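Let's walk through this fold together, beginning with its sheet and ending at one of its pockets. Keep the 3D view open as you read.

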Amino acid sequence: MKTAICSGSFDPITLGHLDIIRRAAACFDQVWVCVSPNAEKRNQMFTPEEKLHLVQTAVRDLPNVEAELWPGLLADFAALHEAGTIVRGVRCVTDFDLEYQMALINRQLRPGLETLLLPASAAYQHFSSSMAREMIRYRQPLEQYLPASIVPLVREMMERKEGATHGRE
């Protein structure tokens, strides 16, 4: 069985992420989506558990895809799930440079672990979680950026957070 990993912080998962996951699911028998908390990233909108819930909801219709929260090294996650390939999306040369470096590190940590870089589909090339967070913050329509299945969840989570913030004032 050919198993692959799609990883990210998914804050939140976008249509661009989902496109890469779907394309990976078409190429591999099993795809694990590794949701990383990534403490290095600032201004995170969702908790790790919320991100996992959003990813699980977004991939629910893909029978060979499962998602899991993982706080450790991606190479260790790949070993745990006996995955031989990491699939990553790239939008530009900067993404490619970063992903190339990470591929070398992951292969050093786990010899034989390959990284497959998929170019972003043209429709999603400009997408990022940062851009999606801005659209959420400013209450813009989300359907063109986020999977339709998570839009109501995102709105509900944000309303809950706003209610908690107003309750402390």
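What follows is a short tour of the sheet, a helix that packs on it, and a pocket.

Keep in mind that this is a predicted model. At its heart for our tour is an open sheet of 5 strands, paired in parallel and ordered 3-2-1-4-5. Strand 3 (65-69) and strand 5 sit at the edges with a single partner strand each, so one side of each has no neighbour in the sheet. On average, neighbouring strands are turned by 30 degrees against each other, ignoring direction.

Now for the pairings. Strand 1 (residues 3-8) runs parallel to strand 2 (residues 30-35), and 6 bridges join them. One place to look is Gly-8, whose bridge partner in strand 2 is Val-35. Helix 2 (residues 48-58) packs on the sheet here, touching strand 2 and strand 3, and its direction makes about 180 degrees with that of strand 3.

Move over to strand 4 (residues 85-90), which is joined to strand 5 (residues 114-119) by 6 bridges, again in parallel. Ile-86 has Thr-115 as its bridge partner in strand 5. Add helix 4 (residues 93-109) to strand 4 and strand 5, and you have a right-handed β-α-β unit.

Last stop: the second largest pocket, with about 200 Å³ of space. Two elements give two or more residues each to its lining, helix 5 (129-137) and helix 6 (151-168). Which one gives the largest share of the lining? That's helix 6, with 5 residues. By class, the lining has 5 nonpolar, 1 polar and 5 charged residues; among the lining residues are Met-135, Arg-139, Gln-140, Val-154 and Glu-162.

Definitions and conventions
Residues are numbered from 1 along each chain as its sequence is written. This is a predicted model: local features need pLDDT of at least 70, side-chain atom pairs count only at pLDDT 80 or more; totals for chains, interfaces and linings use all residues. Side-chain values use heavy atoms; hydrogens and water are left out. Two strands pair if DSSP finds at least two bridges between them. Helices (H or I, at least four residues) and strands (E, at least two) are DSSP runs, numbered from the N terminus. A crossover is right-handed if, with the strands pointing away from the viewer, the path from the first strand over the helix to the second runs clockwise. Axes are lines fitted to C-alpha atoms, for helices over the stretch in contact, and angles run from 0 to 180 degrees between N-to-C directions. Contact means heavy atoms within 4.5 Å. On a 1 Å grid over the protein atoms alone, a cavity is a set of points where a 1.4 Å probe fits but cannot get out, and a pocket is an open set with protein on both sides within 12 Å along at least five of seven lines; lining residues have an atom within 4 Å of a point. Grid points are joined across faces, edges and corners, and a volume is the space filled by probe spheres set on the points. Ala, Val, Leu, Ile, Met, Phe, Trp, Tyr, Cys and Pro count as nonpolar, Asp, Glu, Lys and Arg as charged, and the others, Gly among them, as polar.
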